[in-house]
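This report describes the fold and selected local features of one protein chain. The structure is shown below, and the description follows.

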Amino acid sequence: MTLPRLPVSQVEVVLCDCSAQDAERVFACLCDHFESDRRIDDPPHEVGDDRPTMWTGHYDTVAVPTAAEEHAEPLSGPVTVDVQGSPPAVRLLRAVLEEAYTVRQVGVDAGDQEVQLQLRVEGPRGRH
């Protein structure tokens, strides 16, 4: 089965292994730099069952929001971030995360057209 490719500037982000509050903080950091399909008035929330919760968002690394605040709130614990998109778009998104948080790459699946990274994000940057 072949999955449809994202446009070159688009990156899909999946967050897991974290609280809803930490997911909201990571998404807010990314939304300060890129346009997204995530709505500010619809923050991540727990569903309350025993299954793991994952949150997703799509970011356009070319479109910069006009009212960006550029703040990153500290995380209460590590967040697993799966990122998929073109190599240049993934690099831009990762660089934004690295400006705000400590980022460690724990997995990669790279091709010519698309790359998938698994990152472990903790924060804030340089304050462990």
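Is Asp 17 buried or exposed? Asp 17 is exposed, because its relative accessible area is 54%; the term exposed applies over 50%, buried under 20%, and partly exposed in between (1.4 Å probe, protein chains only).

## Basis of the description

The model is predicted: local features need pLDDT of at least 70, side-chain atom pairs count only at pLDDT 80 or more, and totals for chains, interfaces and linings use all residues. Residues are numbered from 1 along each chain as its sequence is written, and side-chain values use heavy atoms, with hydrogens and water left out.

Helices (H or I, at least four residues) and strands (E, at least two) are DSSP runs, numbered from the N terminus. Two strands pair if DSSP finds at least two bridges between them.

## The sheet

An open sheet of 6 strands has the order E2-E3-E1-E4-E6-E5, with antiparallel pairing. Its edge strands are E2 and E5, each of which pairs on one side only.

Strands E1 and E3 are joined in the antiparallel sense by 6 bridges, and Val 11 stands opposite Tyr 59 in E3. The antiparallel pair E4 and E6 has 7 bridges, with Asp 82 opposite Gln 118 in E6. Strand E5 (residues 102-110) pairs with E6 over 8 bridges, again in the antiparallel sense; Val 108 has Leu 117 of E6 as its bridge partner. E5 and E6 form a hairpin, with 4 residues between them.

## The two faces of E6

In a regular strand the side chains alternate between the two faces of the sheet. Strand E6 (residues 115-122) shows this alternation. Val 115, Leu 117, Leu 119 and Val 121 point to one face and are buried, whereas Gln 116, Gln 118, Arg 120 and Glu 122 point to the other and are not buried.

## Helix H1 and its surroundings

Helix H1 (residues 20-31) has 12 residues, which at 1.5 Å a residue should span 16 Å; its end C-alpha atoms are 16 Å apart, in agreement. The expected span is 1.5 Å times one less than the number of residues.

Of the 12 residues of H1, 9 are buried, so the helix is largely enclosed by the rest of the structure. The buried residues are Ala 20, Asp 22, Ala 23, Arg 25, Val 26, Phe 27, Cys 29, Leu 30 and Cys 31. Their cover includes strand E1 (10-16), strand E2 (35-36), E3, E4 and helix H2 (87-100), where contact means heavy atoms within 4.5 Å.

## Helix packing

H1 lies across E1, E2, E3 and E4 and runs at about 5 degrees to E3. H2 packs on the sheet, touching E1, E3, E4, E5 and E6, and its direction makes about 0 degrees with that of E6. Axes are lines fitted to C-alpha atoms, for helices over the stretch in contact, and angles run from 0 to 180 degrees between N-to-C directions.

The axes of H1 and H2 come within 10 Å and cross at roughly 115 degrees. Val 26, Cys 29 and Leu 30 of H1 make the contact with Leu 93, Val 96, Leu 97 and Ala 100 of H2.

## Loop residues

Asp 17 belongs to the loop between E1 and H1. Phi of Asp 17 is near 60 degrees, a positive value in a residue other than glycine.

The loop between strand E3 (55-60) and strand E4 (79-85) holds Val 62 and Leu 75. Val 62 is exposed, with a relative accessible area of 63%; its C-alpha is 6.0 Å from that of Ser 9, although 53 residues separate the two in sequence. Leu 75, in contrast, counts as buried at 9% relative accessibility. The C-alpha atoms of Leu 75 and Asp 22, 53 residues apart along the chain, are separated by 5.5 Å. Beyond its neighbours within four places in sequence, Leu 75 is in contact with Asp 22, Arg 25, Val 26, Tyr 101, Val 121, Glu 122 and Gly 123.

## A buried polar side chain

Gln 84 lies in strand E4 and is buried, with a relative accessible area of 15%. Its side chain makes a polar contact with the side chain of Glu 114 (2.7 Å). A polar contact is a pair of N or O atoms within 3.5 Å; within protein, one must be able to donate a hydrogen and the other to accept it, and residues adjacent in sequence count only if both atoms are side-chain atoms.
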